[in-house]
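Reader: Could you take me through the ligand site of this model in some detail, and then through the parts of the protein around it? I would enjoy one connected account.

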Amino acid sequence: MNFPQITLLPGREKSLLRCHPWVFSGAVGGISGDPASGEVCRVADARGNFLAWASYSAASQITARVWSFQENSVIDANFFQQRVNAAKTLRDRLGVGDLSTGCRLIYSESDQLPGVIADRYGEYIALQLLSSGAEFFRNEIIDALMKLPGIKGVYERSDVSVRKREALPERSGIARGEMPPDEIVIRENQLSFAVDPVHGQKTGFYFDLREVRQKVRQLAAGKKVLNDFCYTGGFAVAALAGGAQSVLNIDSSRPALAQAVRNLKLNALPQENCEFRAADGFEELNHLRDAHEKFDFVILDPPKLIDAKSHLERGCRAYSHLAKRGFELLNPGGILLNLSCSGLMTPELFQKITFDAAREARCDAVIIDSVRQSADHPVILSTPETFYLKGLISVKR
Ligand code: SAH
């Protein structure tokens, strides 16, 4: 069979030879065979040598995303079943299933399925297809997921704005099998969390914070906690389970706060010392500081504040401002956990920002630990962009 071909400009094959799976538009010398969006193309160097099989995207800056670097690969239903099975096997090896009844089952490039995100909630999977290639093979991917043992339904949550970059419309709804119930209770490290994969943010729950929740639990005993950008209260549950004295939870989303209350109840945790405040997470820190409030443990987990290089400086200022307020709100000896889920924020830069923030808050602090995305969001060595979530745990002196 003759495949359309994407031929790179001379010398532009280096990243593909190192198995980085993105073909940027600037590296493309020519496209032959008039591929449809999502169709598999042969990617070749300027001399015509095979480099990869990749799905074409007409609209994106990333002209193609690689499925396989092996010339004898056939990108078909069997290929997707194998990749999905491999992703499942990795999660099994990690023992995620022992810790939790939910996990990120497929993490895009890291599972060699660019543009595919699948989160497992018990017997249901919430799926996001983010690239033209993933969209093109939608049926094959859903079939493969449905064949995993114990899966009753796949619900699609491709209702994210990044699809615009690929000229794909947003889509959500049941894709195959049974509709998930409004509430699925997952267990994680002996705690329960109610998740609504149909209406919740992203696909409903932040599995990437699983290991961070454990750290919060270990550090929280006896502490007065501020949990800013709390979403459905994952850190509140963890902190109270770890013996926190009180937790003030702030988020702009009322449905998320309602779910947070529900999560405390599910775990039979005391709510009398918990407050849930629907407010702007930046503004509220100013108010708390003006009111001279103090805490022993401040958690700052804002949404992604940098989504393009052009926003780097503005984003850094926002992270810095948050950390500054965090330090100001701490009692001496108090703990700051500040997080960034912006891939463009490097750990080094984040540490520098945190240091500058401490200076601006006129305090001294030591870093006692760092956190990252949990193991079911692995970082594939070829693609450093798959590392995005980082955080620092500092003690104010
Ligand atoms: N810490 C959470 C995850 C945070 S995700 C957890 O443990 O699961 C980021 C959260 O920030 C979302 O819940 C979103 O509703 C909230 N958010 C976004 N912008 C906000 C703002 N300006 N003020 C307060 N909350 C905001």
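Author: Happily; what follows starts at the ligand and then visits the cores, one helix and three single residues. Please keep in mind that this is a predicted model.

Let us begin with the ligand. It has 15 residues around it, and those that come nearest are Q201, D251, D280, G281 and D301. Sorted by class, this shell holds eight nonpolar, four polar and three charged residues. Two of the aspartates just named offer side-chain atoms to the ligand. For D251, an N or O atom of the side chain is 2.7 Å from an oxygen atom of the ligand. For D301, a polar side-chain atom lies 2.7 Å from a nitrogen atom of the ligand. F229 takes part through its backbone instead: a polar backbone atom there is 3.0 Å from a nitrogen atom of the ligand. As for how much of the ligand is covered, it exposes 580 Å² when taken alone, and the protein buries 89% of that.

Now to helix α9, which spans residues 283-290. Its buried residues are E284, L285, N286 and L288. Their cover includes the strands β14 (224-228), β15 (246-251), β16 (274-278) and β17 (295-300), together with helix α10 (312-328). Just after α9, the backbone at H292 takes a positive phi of about 60°.

From here we can turn to the nonpolar interior. The largest core has 39 residues, and Y121, I186, V216, V247, F297 and L337 have the most contacts inside it. Helix α7 (residues 234-241) gives the most to this core, contributing six residues. F297 is a good place to look around. Apart from neighbours within four places in sequence, F297 is in contact with V216, L219, A220, K223, K224, V225, L226, L330, I335 and L337. There is also a second, separate core, made of 29 residues, with I106, F137, I151 and V154 among them.

Next in sequence after V154 comes a residue worth a stop of its own. Y155 lies in strand β10 (residues 153-158). Y155 counts as buried because its relative accessible area is 7%, under the 20% cut-off. What packs against it? Beyond residues up to four places away in sequence, Y155 touches I125, A126, L127, S172, G173, I174, A175, M179, P180, P197 and V198. One of these partners, L127, is 28 residues from Y155 in sequence, yet their C-alpha atoms are 6.1 Å apart in space.

A charged residue makes an interesting companion to that tyrosine. E109 is found in the loop between β7 (102-107) and β8 (116-121). With 9% relative accessibility, E109 is buried too. The side chain of E109 makes two polar contacts to point out: one with the side chain of W22, at 2.8 Å, and one with the side chain of S108, at 2.8 Å. Setting aside neighbours within four places in sequence, E109 is in contact with P21, W22, R65, P114, G115, I380, T383 and T386.

Finally, let us go to the start of the chain for a contrast. N2 sits in the segment before β1 (5-8). N2 is exposed, because its relative accessible area of 76% is over the 50% cut-off. Along the sequence N2 and G33 are 31 residues apart, while in space their C-alpha atoms are 8.6 Å apart.

Technical notes. Residues numbered from 1 in each chain as written. Predicted model: local features only at pLDDT ≥ 70, side-chain atom pairs only at ≥ 80, totals over all residues. Heavy atoms only, no water. Near = heavy atom within 4 Å. Polar contact = N/O pair within 3.5 Å; in protein donor to acceptor, adjacent residues only side chain to side chain. Areas by Shrake-Rupley, 256 points an atom, 1.4 Å probe, with all protein chains shown as cover. Nonpolar A, V, L, I, M, F, W, Y, C, P; charged D, E, K, R; others polar. Core = buried A, V, L, I, M, F, W, Y, C linked by side-chain atoms within 4.5 Å. Buried < 20%, exposed > 50% of the residue type's maximum accessible area, 1.4 Å probe, protein only. Helix = DSSP H or I, 4+ residues; strand = E, 2+ residues; numbered from the N terminus. Contact = heavy atoms within 4.5 Å.
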